[in-house]
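Trainee: I'd like a close look at one part of this model: the disulfide search, and where the residues it concerns sit. Could you talk me through it and then work outward from there?

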Amino acid sequence: GLCVPVHASVSGTVVAVEPRPHTNGTMVNSIVIENDGKYEEVSYEKVKPLEKMSKKEIIDKIAWAGIVGMGGAGFPTHVKLSPKEPDKIDYVIANCAECEPYLTSDYRRMIEEPEKLVEGLKIILKLFDNACGILAVEDNKPDCIDILKNLTKDEERISVKALKTKYPQGAERQLIYAATGRAINSSMLPADAGCVVDNVDTIVAIYHAVKNGKPLMNRIVTVTGDAVNDPCNFYVRIGMNYNDLIEEAGGFKTEPEKVVSGGPMMGFALFDLNVPTTKTASALLCLTKDEVSAMEPSACINCGKCAEVCPSRLIPKKLAVCADHGDEESFAACHGMECVECGCCSFVCPAKRHITQSIKSMRKTLLAKKKK
C-alpha cells in the first residue's frame, strides 16, 4: 500500500502513542519516545553487494527503509520505483534544481556528498534497463555542476544537465519538460512520459538503504531567515522538535513575526513550534516581518500578470474567483486541477490578492471528493 515503516531515530523508551500536532496544523497519531541520550543504534543486517541484488530485493530494501519523496510530496519511493512497465522508463531525473529562495540543503549535499548522490542514482538505474540518468541542476550552482560532471565523466548512462535558473524549475512537470522536452499534465504520472523523478535527499537515502542497510532516520534541514542568530544547514534526526532546532541555530535574534515550514513560495506558516521534524521538512524559515499579512488585498485590476507567470498556463485570477464563489464546475472547466500551487501568481499580483490560497483550498476540496 501507500505507506512506509517509521524507524526510531533515537534510543530510549516509547512513552505514548497518541495524537500530536503536525507541521500541517492537524493532529496526527504519533509515537512519542523519551530519549535516553545514549543514541545506541541497532546493528543492521549485512546487505548483499549491489551486483548480486535482484530488482525486487532493491525495491524491498527501499520500502523497508521507509523512504519517501523528501522534496515535499512525501510519496512512498518504492511505489514510485515500481511502475507498471519499467521497460518504458527512459529517464531517471535527479531533481537537483532547488529553485526556492532560502533553501540550500540540497546544495550542501551536492557539494559535500556528491558521491552518494551519484551512487544512489546508479542504484535506481539498476531498476530500469533502458533508462539513462540526468542530474538536473540549475545553472546558478556552477560549483555543483563541475563536481557532478567530474564524478560522472566515465558514466555512460549518466549526464549532468544545467538548467536555466528560474522558479519553479524544480517542480516535477517543469523539470521533466526542461530536462527531456516531454510534457505531462495533472492526470498523468511522470512514468506516463517515461520518466522517474527523485529529489537529491531521497536518492542519498536510497544509497544508505541499499549500500549500508540503513533506514531513513535523518535529513538535512535549512534553518534560516533574518530572525535566526546563526542560519545553518543541520543534519537532523527525524522527529526532533522545532524548538530544539531553533536553539541549535543560536535561538532568535528577534522574535519572528512569521515562521514557515519549507520555502517562502510553497511552505506553510506554523502557529506553534512544538512540532516534530518530518521526512518532508526541508526548511524552517523565520522572518522578522510578516510582509504578506501586512498587505491589504485590493480589487483585481485585470492586469494579466498572474496569467503571464503561471507555469501551467492557466488564468489564476479566474480560478480564484471560481474558488471564492465555491463554483466547482467552472473551476474544473478552467483546468484548476492543473495548478501546481507554486505561488507565482500571488507573488506577482500588484493587488496583493491571495490567489494561490483560494485555488489551493478548492483543489483540496475537489481532491477529497474524488477520493470518496
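Mentor: For this purpose, a disulfide is a pair of cysteine sulfur atoms within 2.5 Å. Searching the whole structure on that basis turns up zero disulfides. Take Cys 195, which is in no disulfide: its nearest cysteine sulfur belongs to Cys 132, 9.3 Å away. Cys 195 counts as buried because its relative accessibility is 1% (buried is under 20% relative accessible area, exposed over 50% and partly exposed in between, with a 1.4 Å probe and protein chains only). Cys 322 isn't in a disulfide either; there the nearest cysteine sulfur is that of Cys 334, 4.7 Å away. Cys 322 is buried too, since its relative accessible area is 10%.

Before going on, bear in mind that this is a predicted model, where local features need pLDDT of at least 70 and side-chain atom pairs count only at pLDDT 80 or more, while totals for chains, interfaces and linings use all residues. Residues are numbered from 1 along each chain as its sequence is written, and side-chain values use heavy atoms, leaving out hydrogens and water.

Now for Cys 303. You'll find Cys 303 in the loop between helix H9 (291–294) and helix H10 (305–309) (helices, H or I with at least four residues, and strands, E with at least two, are DSSP runs numbered from the N terminus). With 37% relative accessibility, Cys 303 counts as partly exposed. From Cys 303 to Ile 123 it's 180 residues in sequence and 49 Å in space, C-alpha to C-alpha.

Ile 123 is one of the buried residues of H4, a list that also includes Pro 114, Leu 117, Val 118, Gly 120 and Leu 121. Helix H4 has twelve residues (114–125), so at 1.5 Å a residue it should span 16 Å, and its end C-alpha atoms, 17 Å apart, agree with that (the expected span is 1.5 Å times one less than the number of residues).

Back along the chain from H9, strand S11 (residues 283–287) pairs with strand S9 (residues 258–261) in the antiparallel sense, over four bridges (two strands pair if DSSP finds at least two bridges between them). Within those strands, Ser 261 stands opposite Leu 284 in S11. Both strands belong to an open sheet of five, ordered S8-S7-S11-S9-S10 with mixed pairing. Its edges are strand S8 (232–237) and strand S10 (268–269), each pairing on one side only.
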